[in-house]
Amino acid sequence: MTGLLHKAGRYLFGYDAVESKNRRQAPTGRLRSEDKELLSHQRRKLTSASRDIHRNFTIAAWAIRKHLDYVSTFSFQSRTGSADLDGRIEDLMGWWSRPANCDVAARHSFPRLVRLAEERRTVDGDIFFLKLSDGRLQAIEGDRIQTPTSGLPQGVLPTAFVHGVQVDEAGQALGYAVCKRPASGADFMYERLIPAPYVVHHAFFDRFDQVRGISPLAAAINTLRDTYEGFDYALAKAKVAQMFALAFYREAAEPLGEVTGEDADGDGTPACRQRVPTAR
């Protein structure tokens with residue numbers, strides 16, 4: 001009797017989320033790592049879609065900028081307890097933060113690098129910084145880290161990579177395969193393999209066994225795309241409505257008015273009684 005009640009309780013009070021009632025899409029039941037859920041060609045499409053939304057949709061671009069205002073705006077402050085030492089450290093940090101001292105391209109200051117890094121993490125999913133021996137940083141955008149089909153050093157197999165990241169059995173990053181963007185329609189070309197200790201990987205992670213970051217915009221891409229295109233359709237409809245006009249037609253042999261034969265105004269011309277054309 002107890003076993004029967006236990007089974008009945010499991011049947012009556014189980015999780016509704018696993019019950020298929022044909023009212024919504026049923027879960028597939030597949031349990032895979034996040035890197036397997038988003039394959040290499042799908043990652044390219046997602047990155048392209050998120051960049052396009054960020055580039056063209058004003059509302060999405062505004063939301064990303066507000067996110068950056070909250071999480072990437074700061075000023076360095078040293079708190080060692082010694083006012084003299086704190087001042088010297090802050091002066092040194094201010095000197096290093098200049099574009100020529102921290103950015104290998106001498107293009108962005110350190111606060112600007114931080115903001116751009118968070119922007120790329122939000123849109124692309126992740127960003128990489130190569131630490132150079134002279135203390136400067138070189139930014140590597142996420143689409144350039146890919147598993148190459150050829151050109152790897154001897155003894156290094158493509159099967160050891162997960163979306164361009166060489167990992168060991170425990171999932172620790174060992175190296176990053178940097179590729180060159182194609183100048184034409186060709187595929188990315190392998191450039192070099194950078195050891196992991198020289199790279200800072202800034203990414204959005206949602207799971208423990210995840211190797212590459214995935215943009216948080218992924219869940220909203222379709223909705224943002226539909227909204228963006230809906231604005232265009234609504235504007236086109238409004239323009240058509242403004243240009244709409246009502247046209248009246250008549251037969252070619254039908255006179256514009258009925259001739260009465262009376263010269264009411266005395267000008268020698270028979271008067272016509274106007275008839276309103278009918279709309280067809």
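This passage describes a three-stranded sheet with a helix across it, and two pockets, in a predicted model. Local features require pLDDT of at least 70 and side-chain atom pairs pLDDT 80 or more, whereas totals for chains, interfaces and linings use all residues. Residues are numbered from 1 along each chain as its sequence is written, and side-chain values use heavy atoms, without hydrogens and water.

The open sheet has the strand order S2-S1-S7 with antiparallel pairing; strands are DSSP E runs of at least two residues, helices H or I runs of at least four, numbered from the N terminus, and pairing requires at least two DSSP bridges. Strands S2 (137-141) and S7 (199-203) form the edges. Neighbouring strands are turned by 25° against each other on average, direction ignored. S1 (residues 126-131) pairs with S7 over 5 bridges, and phenylalanine 129 has valine 200 of S7 as its bridge partner. Helix H7 (residues 110-124) lies across S1, S2 and S7, at about 140° to S1 (contact: heavy atoms within 4.5 Å; angles: 0 to 180 degrees between N-to-C directions of axes fitted to C-alpha atoms, for helices over the stretch in contact).

The largest pocket holds about 450 Å³. Pockets are open sets of points on a 1 Å grid over the protein atoms alone, probed at 1.4 Å, with protein on both sides within 12 Å along at least five of seven lines; lining residues have an atom within 4 Å of a point. Of its 22 lining residues, Arg44, Asp143, Gln146, Asp187 and Phe188 are closest to the centre, and helix H3 (residues 40-56) gives the most, with 6 residues.

The second largest pocket has a volume of about 320 Å³. Its lining comprises 17 residues, with Arg107, His108, Leu113, Ala139 and Glu141 nearest the centre; H7, S1 and S2 each supply at least two lining residues.

Notes: Points joined across faces, edges and corners; volume = space filled by probe spheres on them.
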